[in-house]
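Q: I should like a close look at one part of this protein, chosen as you see fit. Please place that part within the whole, and explain the reasoning step by step.

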Amino acid sequence: MWRRVVSASHFTFAHKSIANNKDVCKLKFWEAFTTEIPLKEKGTFQRDKTPFITFVLGGPGSGKGTQCMKIVENFGFTHLSAGDLLRREIASNSADGTMILNTIKEGKIVPSELTIRLIQKEMESSDNYKFLIDGFPRSEENRIAFEQIMGVEPDIVLFFDCPEDEMVKRVLNRNQGRVDDNIVTIKKRLKVFDALNLPVVKYYMEKGKLYKIKAVGTVDEIYKQVYPVFASLNFEQQVRE
Ligand SMILES: Nc1ncnc2c1ncn2[C@@H]1O[C@H](COP(=O)(O)OP(=O)(O)O)[C@@H](O)[C@H]1O
Ligand SMILES: O=c1ccn([C@@H]2O[C@H](COP(=O)(O)OP(=O)(O)O)[C@@H](O)[C@H]2O)c(=O)[nH]1
Ligand SMILES: [Mg+2]
């Protein structure tokens, strides 16, 4: 079970070592060291907080989803993969399903309003305030629409910079049964990425919001560059109990 703790490392350590067995003891210990309201009311408390939004960008296969899982584990973010939300729409046989499927097969970009509606729904129904928005915005048009509809900008943007041959290799080995993980569609996706997504990366670089991560090496080697970004922002870290 995961529970949020204050970021100071000695609290984390004490919490880990003392609260070993009984859940009730864990809760009392937790309450003694925090001014936050008890966990069962956490949702209300967190909705009052301004959201902290991280856009996670990078080409297909650059490792966005893989690194997001580690950030979630260590820093308690909610991971919203735009691609996963769109695939869920297809699977649920929604009215837009066929159009989304055809767009993904072609490696093109789904209309902004649709993707933003899915992201917005998830954010509004979440009791968290820290979000990783993975694989979005994919174009300047996406970005501008998000900022207009949501009325917010991301706090930070991660960019996983990976050579094309490595991305192709990873996607072809992904084995998730995706309709777009084939060499023909990958080539189209890479073109779309260069033409439409890199301008978004450039925009956030010029705004001083971009953290560029060299996305080669093992998952852990790459995460060593990611971890300090969030640790330096003093987010509460998670400990396993
Ligand atoms: N550093 C890495 N080295 C080798 N393979 C990786 C690495 N990071 C991720 N992968 C694998 O590459 C594939 C694509 O990663 P994924 O996280 O899905 O990328 P993205 O979300 O950017 O498309 C997955 O099969 C994943 O397990
Ligand atoms: O905001 C988004 C995110 C994804 N997609 C579509 O969904 C596909 C898969 O996106 P995902 O982020 O899952 O791919 P990844 O980069 O992780 O391989 C993309 O190629 C697009 O066709 C889209 O249209 N808009
Ligand atoms: Mg992904």
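A: Two residues are in contact if their C-beta atoms, placed from the backbone, lie within 7 Å. By that rule, among the contacts in the protein chain between residues at least 6 apart in sequence, 80% join residues at least 24 apart. The model is predicted, with an ipTM of 0.99 and a pTM of 0.84. Mean pLDDT for the protein chain is 84, and 78% of its residues reach 70 or more. Residues 1–46 need caution, as pLDDT stays under 50 there.

The chain contains 11 helices and 7 strands. Of its 241 residues, 27% are buried. The part chosen here is the helix α8, which spans residues 140–150, together with the loops on either side.

The approach to the helix comes first. Between β4 (130–134) and α8 lies a loop that holds Pro137. The peptide bond leading from Phe136 to Pro137 is cis, and its omega is near -5 degrees. Gly135 is one of the residues that come nearest to ligand 2, alongside Pro60, Ala82, Gly83 and Val110. The shell around ligand 2 receives two or more residues from each of α4 (64–75), α5 (82–91) and α6 (97–105). Of these elements, α5 makes the largest contribution, 3 residues. By class, this shell has 7 nonpolar, 8 polar and 5 charged residues.

Leu132 and Ile133 also belong to the largest nonpolar core, which has 39 residues; together with Ile119 and Leu158, they touch the most other members. Leaving aside residues up to four places away in sequence, Leu132 touches Thr54, Val56, Cys68, Ile71, Phe77, His79 and Leu80.

Now to the helix itself. A residue counts as buried if 20 or more other C-beta atoms lie within 10 Å of its own. In α8, Asn142, Arg143 and Phe146 are buried. Viewed down the helix axis, the buried residues of α8 fall within an arc of 100 degrees, so they line one face. The general geometry helps here: an α-helix has 3.6 residues a turn, so residues three or four places apart point the same way. The partners of the buried residues in α8 are α7 (112–125) and α10 (183–206), against which they pack.

What follows the helix? After α8 comes Gly151, with a positive phi near 70 degrees. Glu153 then lies in the loop that connects α8 to β5 (156–161). Glu153 is partly exposed because 14 other C-beta atoms lie within 10 Å, a count between the cut-off of 12 or fewer for exposed residues and that of 20 or more for buried ones. Between the C-alpha atoms of Glu153 and Leu101, which stand 52 residues apart along the chain, the separation is 28 Å.

Two residues from other loops provide a useful comparison with Gly151. Asn93, in the loop between α5 and α6, has a positive phi near 55 degrees although it is not glycine. Asn93 is exposed because 8 other C-beta atoms lie within 10 Å. Asn175 is found in the loop between α9 (164–172) and α10, and its phi is likewise positive, near 60 degrees. Asn175 counts as exposed because it has 7 C-beta neighbours inside 10 Å.

Terms used
Residues numbered from 1 in each chain as written. Chains lettered and ligands numbered in written order. Predicted model: local features only at pLDDT ≥ 70, side-chain atom pairs only at ≥ 80, totals over all residues. Helix = DSSP H or I, 4+ residues; strand = E, 2+ residues; numbered from the N terminus. Near = placed C-beta within 6 Å. Nonpolar A, V, L, I, M, F, W, Y, C, P; charged D, E, K, R; others polar. Core = buried A, V, L, I, M, F, W, Y, C linked by C-beta atoms within 7 Å. Arc of directions from axis to C-beta. pLDDT = per-residue confidence, 0-100.
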